[in-house]
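Reader: I would like to learn how to read a protein model. Could you walk me through one?
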Amino acid sequence: MTNAQRQVGELLRAWRQRRRMSQLDLACEADISTRHLSFLETGRAQPSRDMVVLLAERLDVPLRDRNQLLIAAGYAPLYPERSLDDPALAAARRAVELVLAGHEPYPALAIDRHWNLVSANGALGPFLAGAAPDLLRPPLNVLRLSLHPAGIAPRIENLPEWRGHLLGRLRRQVEISGDPGLEKLLAELEAYPVADGARRAEAARGHDPTSIAVPLRFRTEAGTLSFLSTTMVFGTPVDVTLSELAVESFFPADQATAEALRGPGYLCKAMS
C-alpha cells in the first residue's frame with residue numbers, strides 16, 4: 001500500500017462521513033460496487049484520476065478540496081486558482097461589478113470563502129459609519145464587522161436574532177467544508193460578549209422551524225431600516241476562486257426602507 005493510496009482513501013472516507021453517506025449510498029451514486037469503494041477507502045486499491053473526480057462530484061466536495069484529493073492520489077490539480085485580478089477572470093469580475101452596481105441604491109457586497117470583503121457597491125458605505133477603524137482595514141471580514149461590539153453590532157436592533165442567523169450559516173459552512181479558517185472564525189464570533197438572555201433568545205430563534213427569512217433591522221438616527229438578504233454564487237465554476245465567491249444582496253423589507261434608500265442623500269444624513 002502506497003502513501004498516496006492511504007492518504008486519498010482516508011480523505012475520501014472523511015468526506016463521505018462528513019456528508020453522512022454510507023458506503024452503499026456513495027457506491028450507488030457513483031455506480032460502483034461497495035467492495036471497490038471499500039478498497040479505495042482502505043488503500044487496497046488506487047483510484048484513477050477520473051474516479052477521484054467522480055467521487056468528489058458525488059460528494060459535492062469544494063473545488064479547492066478536490067484538488068487536494070487529486071494531489072493525495074498522486075495526480076496534478078485539475079482546477080486552477082487565480083486572483084480575481086487575473087485577465088482570465090476579467091469577465092467574471094465585470095459580471096460581479098455589474099451585479100453590485102445594478103443593485104444600488106440598495107447595499108450589496110461580494111465576499112470570499114472566509115467572508116472577507118472582495119468588493120461592494122456605493123450603498124454599503126454609510127452602514128460602516130461608527131465602526132472601529134481596525135475592523136475596516138483589509139482584509140475586512142464582514143461577519144467580524146457585523147457582530148463585534150466595536151463594529152456595527154450596536155446599530156443592529158435585532159442583534160440576537162441576526163447573530164443567531166449568521167452563526168447558523170457559518171456553522172453550516174463549517175460542517176459542509178471542514179475549513180479550519182472558518183472553524184477559527186466561528187470560535188471567535190461565538191466568544192463575543194452578548195447581553196444577558198441574548199444567547200437564550202438566539203438559540204430559540206435559531207431553532208424556529210417556521211422561520212423562512214431573518215430580517216436585518218438597522219438602527220439609524222432617522223429610524224430603523226429593515227432588510228432581507230439573498231446570496232448569489234456562480235452556478236458552474238471551473239476555477240477555485242470563482243467557486244468560493246458569493247454576492248450578498250440586501251433588499252428593503254418594507255416600503256419605508258425602500259423610500260428611505262431611494263431618497264437623495266437620506267442615508268448619509270441618517271448615519272452622520
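Reader: Is Phe218 buried or exposed?

Author: Happy to help, and please note that this is a predicted model. Buried means under 20% relative accessible area. Phe218 has 1% relative accessibility, so Phe218 counts as buried.

Reader: Which strands form the sheet, and in what order?

Author: Here is the general idea: strands of a sheet pair through backbone hydrogen bonds, either parallel or antiparallel. In this model, 5 strands make an open sheet, ordered β2-β1-β5-β4-β3, with antiparallel pairing. At its edges are β2 (117-120) and β3 (216-220), each pairing on one side only. On average, neighbouring strands are turned by 30 degrees against each other, direction ignored.

Reader: Which helix packs on the sheet?

Author: Helix α6 (residues 90-102) does, touching β1, β2, β4 and β5. The direction of α6 makes about 55 degrees with that of β2.

Reader: How many aromatic pairs does the structure hold?

Author: There are 3. In one of them, the ring centres of Phe127 and Phe218 are 5.2 Å apart and the planes stand at 65 degrees, so this pair is edge-to-face. Phe127 belongs to the loop between β2 and α7, while Phe218 is in strand β3, so the pair ties together parts 91 residues apart in sequence.

Reader: Which residues form the aromatic cluster?

Author: Phe127, Phe218, Phe227 and Phe250 make up one cluster. Among them, Phe227 is buried at 2% relative accessibility, and Phe250 is buried with a relative accessible area of 13%.

Definitions and conventions:
Residues numbered from 1 in each chain as written. Predicted model: local features only at pLDDT ≥ 70, side-chain atom pairs only at ≥ 80, totals over all residues. Heavy atoms only, no water. Pairing = 2+ DSSP bridges. Helix = DSSP H or I, 4+ residues; strand = E, 2+ residues; numbered from the N terminus. Axes fitted to C-alpha atoms, helices over the stretch in contact; angles between N-to-C directions. Contact = heavy atoms within 4.5 Å. Phe/Tyr/Trp six-rings, centres within 6.5 Å; stacked < 30°, edge-to-face > 60°. Buried < 20%, exposed > 50% of the residue type's maximum accessible area, 1.4 Å probe, protein only.
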